[in-house]
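User: I have a set of questions about the fold and packing of this protein. Please keep each answer short and end it on the value or name I ask for.

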Amino acid sequence: MTKTFYMHKYLFELGHQPHISIAEIQAVFSHKKIKNKIISAQDGSTSNGKNIFFIVETSKELECKELINILGGTIKITEKIKEDNITNFLAKTPEEFKIQFSLSGPNSKKIAMAVKKQLKAMRRSVRYIEPKNTATILHNKLIKKQGDLTIFEDEIYLTKAIQPFEEFGARDYKRPGTDSFSGMLPPKLARIMINLGETNTDAVLLDPFCGSGTVLTEALDMGFKNIIGSDISNKAIEDTKKNIEWLEKTYNLKPKTQNLFVTDATKLSNDLGKDSADLIVSEPYMGKPLRGNENKLTLQKQNEELSDLYTKAFKEFYKILKKDGIAIFIIPKFKFKNEWVEINCLEKIKKAGFEIIPLSEESDSLAYHRPKQHVARVVWKFKKV
Ligand SMILES: C[S@@+](CC[C@H](N)C(=O)[O-])C[C@H]1O[C@@H](n2cnc3c(N)ncnc32)[C@H](O)[C@@H]1O
């Protein structure tokens, strides 16, 4: 057996739900067959304050720019440099260029000033840019200039790629079709869910509760060529169409195969035949918006209705998914006082012909929750058996 050498070391700076970001990175590595050795996940000082770093070694150099455009939950990817001294690394910048750099990590300001002094003593023209946030790094083109550095446990890392956060923001706030009542999935979470599906972009992707089409627009942006979207509401389908048009125009995308129609997800097989989709990615109807003062009985009643809706929908998914088809599906849970009330539907979904594929080593599912929200979105992965 040949021994694998892990020669490249990376820090992935994670978004605000690090456990989900890690599951996403692992899904993408596994799908792309990137051999890797996980070192750890831990706190680190970043340009944004403190964030979690996922530390990994790989046998081959990673295509960081490509990866950052795929991932929804990673803010920054940095690679360990060979040099063990920041001054020596920066001094390699060709003489005709001014050295521009920023530095994050413990004592970074003090170290940066010392580095600047050393470089000046070497008669180099140098500018230190305080890394206030990722925007500073992007706007000063520090990635292209190979100047954004991070110190982590006495090792030096060079930023290779930063999340295109302005584009995510535009897709979240500037798209024309929105529905504040039903709510919208954050585009980053939609992208994470698509990645957890581990399919190629040739797969046919379906969202049967598509709302204003966040999953579908993210899929198109990721290069999916064939999408299906349905919803019980006319307005939702109109919004989805508007948002897809907006996306195609804004990003100059060629129109892809799309099938968008109004239907009840519990009757999906009236509109779609056998083997219609490879992958379902969906945030379904999650009940009436909660204020947090509902009584337990109201919550339980709503949970029974939702359990019934999801079970019926999965019976339809079974009919229209291809063999081994995957469903990445959100099942909400609701906060009642200090406890979480869950929807009792997993056994019924299994009975409908699905198995649960664990999404992390610690837990089968991944909860996405913002402080003060009364609802948590719990992401599950099901496979048709
Ligand atoms: C939470 S929203 C989905 C939002 C969507 N992920 C987005 O980002 O825009 C749930 C959607 O489910 C739809 N819906 C409710 N009951 C349905 C049913 N039985 N079949 C299909 N769609 C349904 C609603 O019209 C709503 O658009």
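User: How many residues lie between strand 13 and strand 14 in their hairpin?
Analyst: This is a predicted model. Strand 13 and strand 14 (residues 339-342) run antiparallel and are joined by four bridges. F336 has E339 in strand 14 as its bridge partner. In the turn, K337 has a positive phi of about 50°. The number of residues between the two strands is two.

User: Which residue in strand 17 stands opposite F334?
Analyst: Strand 13 also pairs with strand 17 (residues 375-384). These two strands run antiparallel and are joined by nine bridges. The residue opposite F334 in strand 17 is V375.

User: What is the handedness of the β-α-β unit that includes strand 12, helix 10 and strand 13?
Analyst: Strand 12 (residues 277-282) pairs with strand 13 in the parallel sense over five bridges. One of the bridge pairs puts A277 with L321 of strand 13. Helix 10 (residues 296-320) completes the unit with the two strands, and the unit is right-handed.

User: How many of the 16 residues of strand 13 are buried?
Analyst: Strand 13 covers residues 321-336 and pairs with strand 12, with strand 17 and with strand 14. The strand is mostly covered. Its count of buried residues is twelve.

User: Which residue in strand 3 stands opposite I38?
Analyst: Strand 2 (residues 36-46) and strand 3 (residues 49-58) pair in the antiparallel sense over ten bridges. They form a hairpin with two residues between them. Opposite I38 in strand 3 stands V56.

User: Why does S212 count as buried?
Analyst: S212 is found in the loop between strand 9 (204-207) and helix 8. Leaving aside neighbours within four places in sequence, S212 is in contact with G177, M184, A236, D239, T240 and N243. The cut-off for buried is under 20% relative accessible area. S212 counts as buried because its relative accessibility is 5%.

User: How many of the nine residues of helix 8 are buried?
Analyst: Helix 8 spans residues 214-222 and is mostly covered. The buried residues are T214, V215, L216, T217, E218, A219, L220 and M222. The count is eight.

User: Which residue follows helix 8, with a positive phi?
Analyst: Helix 8 ends at residue 222. The phi of the residue that follows is near 105°. That residue is G223.

User: How much space lies in the largest cavity?
Analyst: The structure holds one cavity of 30 Å³ or more. Its lining is made up of R171, R175, T217, E218, N243, W246 and L247. The space in the largest cavity is about 40 Å³.

User: Which helix supplies the largest share of the lining of the largest cavity?
Analyst: Helix 8 and helix 9 (234-250) each supply at least two residues of this lining. T217 and E218 of the lining are also among the buried residues of helix 8. The largest share is three residues, and the source of that share is helix 9.

User: How many charged residues are in the lining of the largest cavity?
Analyst: Among the lining residues are R171, R175 and E218, and Arg and Glu count as charged. The lining also has two nonpolar and two polar residues. The number of charged residues is three.

Key: Residues are numbered from 1 along each chain as its sequence is written. This is a predicted model: local features need pLDDT of at least 70, side-chain atom pairs count only at pLDDT 80 or more; totals for chains, interfaces and linings use all residues. Side-chain values use heavy atoms; hydrogens and water are left out. Buried means under 20% relative accessible area, exposed over 50%, partly exposed in between (1.4 Å probe, protein chains only). On a 1 Å grid over the protein atoms alone, a cavity is a set of points where a 1.4 Å probe fits but cannot get out, and a pocket is an open set with protein on both sides within 12 Å along at least five of seven lines; lining residues have an atom within 4 Å of a point. Grid points are joined across faces, edges and corners, and a volume is the space filled by probe spheres set on the points. Two strands pair if DSSP finds at least two bridges between them. A crossover is right-handed if, with the strands pointing away from the viewer, the path from the first strand over the helix to the second runs clockwise. Contact means heavy atoms within 4.5 Å.
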